[in-house]
Amino acid sequence: MPFSDEPLPESLPAAEAVLNSLPLPVLTIGPDERILRVNHAAELFFDASARLMLRGRLRDIIPFSSPIIALVAEVRRRSSSVSEYRVELVQPRSGQERSVDVFATPLRDEDDSVVLMLQERTIADKMNRQLTHRGAARSMVALGAMLAHEIKNPLAGIRGAAQLLEQERDDEDRVLTRLICDESDRIVRIVERMELFGDERPVERGPVNVHGVLDQVKRSAQSGFARHIRFVENYDPSLPPVLGNRDQLIQVILNLVKNAAEAIGTDTVEGEITLSTAFRTGLRLQIPGSRERVSLPIEVAVRDNGPGIPPDLLSDLFDPFVTTKAQGSGLGLALVAKIVGDHGGIVECDPVPRRTAFRILLPMSSARDGRESTADR
């Protein structure tokens with residue numbers, strides 16, 4: 001896609017191709033705030049075509065009150081590069097609010113022109129958060145193994161003693177002995193879920209058709225806890241298979257769908273859960289302890305129109321024992337983070353008012369000769 005209507009020297013098409021291959025939005029802003037050039041990532045970010053943006057000015061796509069406007073002016077004043085982190089950007093066209101890092105630098109060959117590059121914080125934070133989630137999961141491995149030995153055995157004795165007492169007591173006292181048994185069973189269930197974190201046995205992985213996983217979870221949910229909820233499917237039919245374990249991926253998606261159904265509630269008339277897949281490029285994750293970087297092009301998302309998640313919980317949402325439910329254990333999302341991390345992927349929550357989206361990014365499965373592999377359906 002040309003950057004302007006003027007003829008291009010032979011060297012410029014190569015530069016244009018390089019810019020268009022970048023996954024981050026890049027714009028060139030002229031002295032009168034006119035938009036001179038944009039790359040493909042900028043079109044996607046601002047949800048506008050290059051032809052439309054090149055006819056306008058910076059304030060047409062960024063609010064006049066945004067710090068980005070002042071940042072461009074500061075670059076011109078200082079004639080040097082300026083960066084600003086965690087800038088809140090509300091896009092006039094869609095009203096969507098995003099947090100971005102902004103990098104601006106003068107364009108030496110063009111007077112008063114500024115090159116602007118944006119990096120959405122959700123992408124940058126994914127890397128840091130994912131390492132945090134994995135660290136929390138590793139802590140749960142040791143804790144789960146300890147609790148299995150130190151808590152389950154004494155609880156069995158407590159429950160047995162309560163059952164013996166129950167046989168010799170009147171109805172009023174039996175209420176208390178029954179409570180002891182019920183609470184003991186509840187603690188055992190929590191400990192058993194924590195034991196899953198300590199399961200370090202190697203899991204067989206191979207090509208998995210993620211649409212088959214989603215279809216099985218949807219059928220299970222519609223026949224049980226989500227029978228009152230409408231499901232919407234938005235799939236990329238050309239999506240290649242995921243490298244993973246089918247049973248574990250079903251466990252992950254089922255957990256997210258169940259959380260979505262519980263967030264919507266049983267009394268909601270227009271409850272809706274959207275299952276979607278997409279192929280994304282540009283996100284790579286470095287494997288801890290190695291220089292290898294793994295591409296995560298496959299996106300699986302579970303969205304609901306429930307009340308949303310309190311903002312104060314977002315940073316700790318995947319940590320153990322963090323929950324918004326009165327009777328929740330707070331281990332479900334921690335287990336999701338562990339399984340996704342074991343697959344070499346990332347799980348992230350993207351909340352907006354009255355809607356919550358959990359997105360999973362996973363590696364693609366390929367044959368040893370580099371060709372796309374075939375997944376079992």
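This dialogue looks at a core, a helix and some salt bridges in a predicted model.

Q: Which residues touch the most other members of the largest nonpolar core?

A: In soluble globular proteins, nonpolar side chains tend to be buried together. A nonpolar core here is a set of buried Ala, Val, Leu, Ile, Met, Phe, Trp, Tyr and Cys residues joined through side-chain atoms within 4.5 Å, where buried means under 20% relative accessible area, exposed over 50% and partly exposed in between, with a 1.4 Å probe and protein chains only. The largest core has 38 residues, and V252, I253, L256, V257, I273 and I360 touch the most other members. Its largest share, nine residues, comes from α10.

Q: What caps the N-terminal end of α9?

A: Helices are DSSP runs of H or I with at least four residues, and strands are runs of E with at least two, numbered from the N terminus. The cap of α9 is N209, which has a side-chain oxygen 3.1 Å from the backbone nitrogen of H211.

Q: Where do R76 and E33, which form a salt bridge, lie?

A: Side chains of opposite charge can pair when their charged atoms come close. A salt bridge is a side-chain nitrogen of Lys or Arg within 4 Å of a carboxyl oxygen of Asp or Glu. For R76 and E33 the closest N and O atoms are 2.9 Å apart. R76 lies in helix α5 and E33 in the loop between β1 and β2, so the pair ties together parts that are 43 residues apart in sequence.

Residues are numbered from 1 along each chain as its sequence is written. Local features need pLDDT of at least 70, side-chain atom pairs count only at pLDDT 80 or more, totals for chains, interfaces and linings use all residues, and side-chain values use heavy atoms, leaving out hydrogens and water.

Conventions:
A polar contact is a pair of N or O atoms within 3.5 Å; within protein, one must be able to donate a hydrogen and the other to accept it, and residues adjacent in sequence count only if both atoms are side-chain atoms.
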